[in-house]
Amino acid sequence: MLTFEQKLEIIESFPELTRKDVSMKRVNFHFEESLYDKKIVVYHLHPTGNGFVYVGNLPHYEVDKKGFVNIRDFSEKELRSVLADSLDYLSLEPEPPYDKTWTNRENEKLDLVYEEPFWNVYTGKNLEESFGTFDNAEDYLIEQGFKEKK
């Protein structure tokens, strides 16, 4: 486990983050350039080494109900990775609304709709499939013989 000082050194190596000392010797780090209302990336880093990093709803992290992952037992590599993921998450424009109809040769129709964070395929109002990325949804539709209706 990294010490408080080691975690501070790693976090402070990200120039995008601004340190904010809070109560009980805890430290927060803000990302002022966030495209969202959420600005706190590191929350309540404590001298015991406990602390949290905001990752929202990124799928490969176990988060609390506010979107934070506990970094108490993170290695240097894990900490750098989660910080980079958080900054990317808060820097990326949200996906534009996507709601397009796809058709096949029999003129059957499926709708592909982006409903954060999923790409959902509907038959009428019924959900047929759900995917984590546009590419996976597109591959599925093509494999099923559908093309995007222009």
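How many bridges join strand 7 to strand 8, and in which sense do the two strands run? The legends below take up this point and others, and they describe a predicted model.

**View 1. Strand 7 and strand 8 side by side.** Strand 7, made of residues 109-115, and strand 8, made of residues 118-123, run antiparallel and are joined by five bridges. One of the residues to look for is aspartate 111, whose bridge partner in strand 8 is tyrosine 122. As background to this view, strands of a sheet pair through backbone hydrogen bonds, and the pairing may be either parallel or antiparallel.

**View 2. The open sheet that holds strand 7 and strand 8.** This sheet is built from five strands, which follow one another in the order 9-8-7-6-10 with antiparallel pairing. Strand 9 (126-131) and strand 10 (147-148) stand at the edges and have a single partner strand each, so one side of each is left without a neighbour in the sheet. Helix 3, which covers residues 134-143, lies across strand 6 (99-103), strand 7, strand 8 and strand 9, and the helix runs at about 125 degrees to strand 9.

**View 3. A second open sheet, with the order 1-2-3-4-5.** Here too five strands form an open sheet, and their pairing is antiparallel. Strand 1 (17-21) and strand 5 (68-70) are the edge strands, each of which pairs on one side only. When direction is ignored, neighbouring strands of this sheet are turned against each other by 20 degrees on average. Helix 2, formed by residues 76-91, packs on the sheet and touches strand 1, strand 2 (27-31), strand 3, strand 4 and strand 5, while its direction makes about 30 degrees with that of strand 4.

**View 4. The hairpin of strand 1 and strand 2.** These two strands form a hairpin with five residues between them, and methionine 24, which lies in the turn, has a positive phi of about 55 degrees. Strand 1 and strand 2 pair over five bridges in the antiparallel sense, and within this pairing leucine 17 stands opposite phenylalanine 31 of strand 2.

**View 5. Strand 2 and its surroundings.** Five of the five residues of strand 2 are buried, so this strand is largely enclosed by the rest of the structure. In a regular strand the side chains alternate between the two faces of the sheet. Both faces of strand 2 are covered, with Val27, Phe29 and Phe31 buried on one side and Asn28 and His30 buried on the other. Strand 2 is also joined to strand 3 by three bridges, and these two strands run antiparallel; histidine 30 has isoleucine 40 of strand 3 as its bridge partner.

**View 6. From strand 3 to strand 4.** Strand 3 (residues 40-45) and strand 4 (residues 52-54) run antiparallel and are joined by two bridges. Tyrosine 43 can be followed to phenylalanine 52, its bridge partner in strand 4.

**View 7. The close-ups placed in the whole chain.** The secondary structure of the protein chain comes to three helices and ten strands. The C-alpha atoms fill a box of roughly 65 × 25 × 25 Å along the principal axes. The radius of gyration of the chain is 20 Å, whereas a compact globule of 150 residues would have one near 15 Å. Of the 150 residues, 38% count as buried, and the chain exposes about 9600 Å², of which carbon and sulfur atoms supply 49%.

Methods: Residues numbered from 1 in each chain as written. Predicted model: local features only at pLDDT ≥ 70, side-chain atom pairs only at ≥ 80, totals over all residues. Heavy atoms only, no water. Pairing = 2+ DSSP bridges. Helix = DSSP H or I, 4+ residues; strand = E, 2+ residues; numbered from the N terminus. Contact = heavy atoms within 4.5 Å. Axes fitted to C-alpha atoms, helices over the stretch in contact; angles between N-to-C directions. Buried < 20%, exposed > 50% of the residue type's maximum accessible area, 1.4 Å probe, protein only. Rg over C-alpha atoms; globule rule 2.2 N^0.38 Å. Areas by Shrake-Rupley, 256 points an atom, 1.4 Å probe, with all protein chains shown as cover.
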